[in-house]
Amino acid sequence: MNKYLMTPGPVPVSTEVSLKEARPLIGHRGSEFSELFSNIEAKLSRLLESGGKTVIFPASGTGALECLAANFTGPDTKVISVSCGVFGDRFREITALTGAEIINVDVTPGEGVSPSVAARAVEENPDAGVLLLTQNETSTGVFNHIDEIISALPEKNRPLVLVDGVSSVGAMPCFPERWGIDALATASQKGLLTPPGLALVWLSERAWKTAETRKCGSYYFDLMRQKKVLYKDAPENPYTPPVTLYYALDAALDGILEDGWFDLRRRAARALATGIESLGFDLLVRDEYYRSPGVTAFSLKSGDTPAISKALKSIGVEPAGGQGQFKGKLIRMSHYHDVRWPEISLALGSLYAALGDARQSAGDFMAAAFGRWEER
Ligand code: PMP
């Protein structure tokens, strides 16, 4: 039986990427590795539309978040943490471990962060040095409009804006330099369409300057150690990098950089959401403006959502379930990879099959989804 991975990370990796990963290893202190690293840096600069370089090290997304916390927060820092779900909470927890004072701003899971909520928290805490945001809250499928949030912040005493982009970068626009993000953390296994194992951190000039003046409590995550070798003519990694994952990332970025990629992801998400609703499911994110281009969360209106997940798995389709307060109450399907009409049909057809006898009529879910797909 064929298996279809629809979890929001890891996501399916293309054959081109897998084949590149199978290439023989090269040493990580030689010119061949530096050239590969430089190519990846150039592609990431195009993706993020930024001149700065991206630190890449072996870790998962949580490691990237921990790196930001270790370099920018500590007992001397007041941090505003805006969370709308499990991953916003995780960023907060990691940061609290550095001894930072945390101001919690909680948004109802399933709803997006409105710019005014973040702006008010910053206005009320002019002594806050750091603001934590999540671009795409994977536990609910909420996409936060980071550009609008940052534009709404007061100009004076603006804290460093640290963004969890673990499940956004690659699948949706994220332009840190243009938007005023100071530090962006991401990982390889979602929007970057690469196997798990690489963490990526991008910093603004202001953040690099701040990192220089702070003592990092971690050896491995110390960004100044990274900077020393990253900015050499022949860039390197201070520690042994997983070279095969660099091959994979280099190849995956070529697909992501194709014209219209973000638009394709958005259209696929809209078509899938429309079909899911037409089948009789409830979408968790009610406001379409905040729906993620990478992952969609839904439940059965009046029924047994975990039974649908189980039925999907029995026919070879693997979605993710709910997390935190939604444990056992949600299905989450991802669409980070090259999901187009055939893959949407597969997802909707499988959901229909999983619904089985629970549903009397087919409805017009395919027609509804196709209508949204065609919509410009
Ligand atoms: N932040 C977000 C938004 C995520 O989606 C995830 C992973 N689902 C993480 C952080 C943690 O990443 P990892 O599992 O790679 O450590």
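The following paragraphs describe salt bridges in a predicted model.

The structure contains 16 salt bridges. One of them pairs Lys 227 with Glu 212, whose side chains meet with an N to O distance of 3.5 Å. Lys 227 belongs to helix α9, which spans residues 223-230, while Glu 212 belongs to helix α8, residues 205-213; the contact therefore ties together parts that are 15 residues apart in sequence. As to solvent exposure, Lys 227 has a relative accessibility of 23% and so counts as partly exposed. Glu 212 is also partly exposed, its relative accessible area being 48%. Both values fall into this class because it covers the range between the limits of 20% for buried and 50% for exposed.

A second pair lies within one helix. Asp 263 and Arg 266 form a salt bridge in which the closest N and O atoms are 2.4 Å apart. Both residues sit in helix α11, residues 261-278, and because they are three residues apart there, about one helical turn separates them. Asp 263 is partly exposed at a relative accessible area of 34%, and Arg 266 is likewise partly exposed, at 37%.

A further salt bridge links Arg 286 to Glu 277, with 3.4 Å between the closest N and O atoms. Glu 277 has a relative accessibility of 33%, which places this residue in the partly exposed class. Beyond these pairs, Arg 29, Lys 232 and Glu 236 are joined into one network by salt bridges that share partners.

Technical notes. Residues numbered from 1 in each chain as written. Predicted model: local features only at pLDDT ≥ 70, side-chain atom pairs only at ≥ 80, totals over all residues. Heavy atoms only, no water. Salt bridge = Lys/Arg side-chain N within 4 Å of Asp/Glu carboxyl O. Helix = DSSP H or I, 4+ residues; strand = E, 2+ residues; numbered from the N terminus. Buried < 20%, exposed > 50% of the residue type's maximum accessible area, 1.4 Å probe, protein only.
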